[in-house]
Amino acid sequence: MKGFAKRTAEVSEYYFSKKLKEVRRLIEEGVPVINMGIGSPDLPPHPAVIKALQQSASFPESHGYQGYQGIPELRQAISFFYKQNYAVLKDPQTEILPLMGSKEGIMHISMTFLDAGDEVLVPDPGYPTYGAVARLLGAEVKTYPLTAANKWYPDFDVLEKSDLSKVKLMWCNYPHMPSGAKADTVIFQKFINFAKKNQIVLVHDNPYSFVLEREPKSIFQVEGASEVALELNSLSKSSNMAGWRVGMVMGRKDWIQEITKVKSNMDSGMFLGLQKGAIEALMLGNEWYDFLNGTYSARRDLIWDLATLLGLSFEKESSGLFVWAKLPEGSNSLNFVDKLLEKAHLFITPGDIFGSQGSGYVRFSLCLPEEKILEAINRIKSIEPIH
Ligand SMILES: Cc1ncc(COP(=O)(O)O)c(C=O)c1O
């Protein structure tokens, strides 16, 4: 054996993949861990979604390979979903590509646009996969800092002054994970202007637009976006379908064609039942999202209580599936998370895993029932302060 590919040295095992093994081991040993780490919705999808999957599974013709671009009805449903919810028109024949989760799409897009040595702008803090995938491909990651002082939006003046000659791709994501900063069309316009001026492909990653958000936003709502931007979206969070792996990428015809070319060499289509279920999910109206947000809003109130009890500070004006909270000055979030797990058997995510600007912060997931959050509150009341 002559060794692994050099690229494997560019990434480490995903934090959750490692840490959740430890959490699972504790649970197996009988430790009653309350997991507020990961954003995997605990509630089921809408019954109509499950019914469509079940019905489809009983037809013999459902089990063969499916097309590389998804069935036409799925692309039409995505087009309808964008028109209905974002007032954005996308052609189901040419501008929409269904994906097996948006995480996989990050790889497809990066493989389509990046060569070794190209540079990629990645938000710090941000979803770790943008940078990890770039490194796997031999591209250079240039992080752009997001800070509380600037409402977790980039400072475009500073960005403009940096050397952008080798930057080919830029990732952005609002509602922002992990901070919960809201999507904002004025900011989107600045991203688009920046991308256009500097000839950069902008990818907006948009899985949280419905979570604790009244008016979902898309980058395509701003002028000029269709020329320079792609948008990823996902049913994982908005439809409680994280394990189904259904996502989508939208954008100009020539880019979608090229991404399809790459992707068609990597998988052989999505199981028909998943596509049928996804169609139902895409047709759901406000009643579904109101129900979801009622649930998350009540949970978030309790998590705010919990965070306050822990001596943390946070911004209430936020969206998405998490509460992002700041530790008192000088505290280390990795230590804090370990102590909380040890003393209260409560697992939350240290902000450091999202980048250096996440240091001193922690992230609470809203994906657990109110009873569990109340139990966590009671545990914290019964122990010594963690700091
Ligand atoms: C910002 C962001 N983008 C993408 C994803 C991936 O979502 P999906 O389940 O569609 O792959 C996540 C999942 O946590 C995320 O937080």
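This report describes the ligand site, several unusual backbone positions and two buried residues of a predicted model.

**The ligand and its surroundings**

The ligand is surrounded by 14 residues, and the closest of them are S102, D205, Y208, S236 and R245. The space that the ligand takes up is the second largest pocket. Three short distances between the protein and oxygen atoms of the ligand are collected in the table below.

| Residue | Protein atom | Ligand atom | Distance |
|---|---|---|---|
| S234 | polar side-chain atom | oxygen | 2.7 Å |
| K103 | backbone N or O atom | oxygen | 2.8 Å |
| K237 | polar side-chain atom | oxygen | 2.9 Å |

On its own, the ligand has 400 Å² of accessible area, and the protein covers 91% of this area.

S236, one of the closest residues to the ligand, deserves a fuller description. S236 belongs to the loop that runs between strand β7 (229-234) and strand β8 (247-250). Its relative accessibility is 6%, and S236 therefore counts as buried, since the cut-off for a buried residue is under 20%. When residues up to four places away in sequence are set aside, S236 touches P41, M241, A242, R245 and V246. Among these partners, R245 is also listed with the residues closest to the ligand.

**Cis peptide bonds between β5 and α7**

Two cis peptide bonds are found in this model, each leading into a proline. One joins Y174 and P175, with omega at about 0 degrees. The other runs from M177 to P178, with omega near 15 degrees. P175 lies in the loop between β5 (167-172) and α7 (185-197), and P178 is likewise placed in the loop between β5 and α7.

**Positive phi angles**

W152 is a residue other than glycine, yet its phi angle is positive, near 65 degrees. W152 is located in the loop between β4 (140-145) and α6. Is W152 buried or exposed? W152 counts as buried because its relative accessibility is 10%.

Q199 also has a positive phi, near 55 degrees, and is not a glycine. Q199 is found in the loop that links α7 to β6 (201-205). With a relative accessible area of 69%, Q199 is exposed, as the cut-off for an exposed residue is over 50%.

**Two buried residues and their contacts**

V201 lies in strand β6. Its relative accessible area is 10%, so V201 is buried. Which residues does V201 touch, not counting residues up to four places away in sequence? V201 touches F113, K168, L169, M170, V228, L230 and W255. R135 is 66 residues from V201 along the chain, and the C-alpha atoms of V201 and R135 are separated by 18 Å.

L159 lies in helix α6, which spans residues 156-161. L159 counts as buried because its relative accessibility is 8%. Apart from neighbours within four places in sequence, L159 is in contact with L121, Y144, P154, L164, M170 and F194. M170 thus appears among the contacts of L159 and also among the residues touched by V201. R379 offers a contrasting pair with L159: the two residues are 220 residues apart in sequence, and their C-alpha atoms are 45 Å apart in space.

Terms used
Residues numbered from 1 in each chain as written. Predicted model: local features only at pLDDT ≥ 70, side-chain atom pairs only at ≥ 80, totals over all residues. Heavy atoms only, no water. Helix = DSSP H or I, 4+ residues; strand = E, 2+ residues; numbered from the N terminus. Buried < 20%, exposed > 50% of the residue type's maximum accessible area, 1.4 Å probe, protein only. Contact = heavy atoms within 4.5 Å. Near = heavy atom within 4 Å. Polar contact = N/O pair within 3.5 Å; in protein donor to acceptor, adjacent residues only side chain to side chain. Areas by Shrake-Rupley, 256 points an atom, 1.4 Å probe, with all protein chains shown as cover. 1 Å grid on protein atoms, 1.4 Å probe; cavity = no way out; pocket = protein on both sides within 12 Å on 5 of 7 lines; lining within 4 Å. Sits in = over half its atoms within 2 Å of the grid points.
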